[in-house]
Amino acid sequence: MVDQSAVGRPLAPVTARVEPGRLRFFFDTLGEQNPVYRNDEAARAAGYAATPVPPTYLFCLEMLDNQNPFGFLAELGIDLARVLHGEQRFAYHAPVLVGDTLTFCSQVTSVADKKGGAMTMVVVETEITNQHGVHVAGTARTIVVRN
Amino acid sequence: MSETRSPVVGERVVFKTFPPITRHRLALYCGASGDHNPIHVDIDFARAAGFPDVFSHGMLVMAWLGQALTDAVPPQHIRSFSTRFAAITQLGTQLTCEGHVAELIEHKGEKRARLALTASDQNGEVKLAGEAIIAL
């Protein structure tokens, strides 16, 4: 069972590329029609150098290009079947555009038992930089483990 | 949202409804998002884990909440976006995503608004509750 000793533990860094084809698949899946995401001219008119990613796609990129996206759960002794998503936060510092290559550096920042140990909340925070070394975003996800 | 005037506290600035969540969409989202957790697409796995059926990825619902948000607010104006996953979103759920102005604030000279966001099902049960900070 995961405990306080996990706090501070880094996860393997992930490098992910914002590829237009799979981003289009994401938009098609969600019925996204906003031209700023789908049309280069609309993106440029909105002030972007290329089409941007939508607000939650950073979470996806880290999983898409992770060799073993659930590996850290196993390393922490957490069964994937016992996991729910509790909270998700994004802080945006600079645009992320099609063609960018991002590096995700994550670590466990908190482990807390809830409801008398019936659940454990694990927080993983991630800092994301692009190919120019610009810190583009930070994310935090809270994983709920049903004990 | 109009960029020519400031919104007022209490004003609803985000509103969008979405079609019922199908198994097919969960399968597509599994591939599109890279979240291959079988609990969302494999009923045998979901049952073994104690659930009656597969259920939506929370991040699919958050993606739709984000879609509703950027229909109303230019993406580059969003400073932060966060949600709590309040309840499991089952198959067939028809989501309504809404955002109301909760507060007008200023940060380092930038005028901003804090939007209170929800994604609710067809019975009004809140599935996701969160907020976004946006530049005005």
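The buried residues of helix α1(B) pack against three helices: α1 (20-30) and α4 (57-64) of chain A, together with α3 of chain B. Those buried residues are R25(B), Y29(B), A32(B) and S33(B). They sit on the same side of α1(B), because they cover an arc of only 80 degrees around the axis. The general background is that an α-helix has 3.6 residues a turn, so residues three or four places apart point the same way. Just after α1(B) comes G34(B), with a positive phi of about 80 degrees.

I should say now that this is a predicted model. The scores are ipTM 0.96 and pTM 0.96. For chain B the average pLDDT is 96, and 96% of its residues score at least 70.

Now the two chains, one after the other. Chain B has 136 residues, of which 38% count as buried. Its secondary structure comes to three helices and five strands, and along the sequence they run β-α-α-α-β-β-β-β. The C-alpha atoms of chain B fill a box of roughly 55 × 30 × 20 Å along the principal axes. If you take the contacts in chain B between residues at least 6 apart in sequence, 63% of them join residues at least 24 apart.

Chain A has 147 residues, and 34% of them count as buried. Here there are five helices and five strands, in the order β-α-α-α-α-α-β-β-β-β. The C-alpha trace of chain A spans about 55 × 30 × 25 Å along its principal axes. For chain A, the share of contacts joining residues at least 24 apart is 69%, again among contacts between residues at least 6 apart in sequence.

Next, the contact between the chains. How many residues does each chain put into it? Chain B gives 33 residues and chain A gives 29. On the chain B side, the elements that supply two or more residues are α1 (23-33), α2 (43-48), α3 (58-72) and β2 (78-85). The largest share of that side, ten residues, is from α3(B). By residue type, the chain B side divides into 17 nonpolar, eleven polar and five charged.

There is also strand pairing across the contact. Strand β2 (residues 83-92) of chain A pairs with β2(B) in the antiparallel sense, over five bridges. In that region F90(A) stands opposite F81(B), which is in β2(B).

On to the cores. In soluble globular proteins, nonpolar side chains tend to be buried together. In this model the largest nonpolar core has 50 residues. Which residues have the most contacts inside it? From chain A they are L58(A) and L61(A), and from chain B they are V61(B), W64(B), L65(B), L69(B) and A132(B). Helix α3(B) gives the most to this core, nine residues. A second, separate core has ten residues, including A6(A), F72(A), L76(A) and V108(A).

Back to L58(A) for a moment. Leaving out residues up to four places away in sequence, L58(A) touches V53(A), F90(A), V96(A), I128(A), A137(A) and T139(A). One of those, F90(A), is the residue that stands opposite F81(B).

A residue with a different setting is V36(A), found in helix α2 (residues 35-38) of chain A. Is V36(A) buried or partly exposed? V36(A) is partly exposed, because 19 other C-beta atoms lie within 10 Å, and the cut-off for buried is 20 or more. Outside residues up to four places away in sequence, V36(A) touches A42(A), A43(A), A46(A) and P52(A), and also P75(B) from the other chain. The C-alpha atoms of V36(A) and A112(A) are 40 Å apart, with these positions 76 residues apart along the chain.

Last, two lysines with a backbone angle to note. K115(A) has a positive phi of about 50 degrees although it is not a glycine. K115(A) lies in the loop between β3 (101-114) and β4 (119-129) of chain A. K115(A) counts as exposed because it has 8 C-beta neighbours inside 10 Å.

In chain B, K108(B) also has a positive phi of about 50 degrees, and K108(B) is not a glycine either. Its place is the loop between β3 (96-107) and β4 (110-120) of chain B. K108(B) counts as exposed, because there are 5 C-beta neighbours inside 10 Å.

How values were computed. Residues numbered from 1 in each chain as written. Chains lettered and ligands numbered in written order. Helix = DSSP H or I, 4+ residues; strand = E, 2+ residues; numbered from the N terminus. Buried ≥ 20, exposed ≤ 12 C-beta atoms within 10 Å, placed from the backbone. Contact = placed C-beta atoms within 7 Å. Nonpolar A, V, L, I, M, F, W, Y, C, P; charged D, E, K, R; others polar. Pairing = 2+ DSSP bridges. Arc of directions from axis to C-beta. Core = buried A, V, L, I, M, F, W, Y, C linked by C-beta atoms within 7 Å. pLDDT = per-residue confidence, 0-100.
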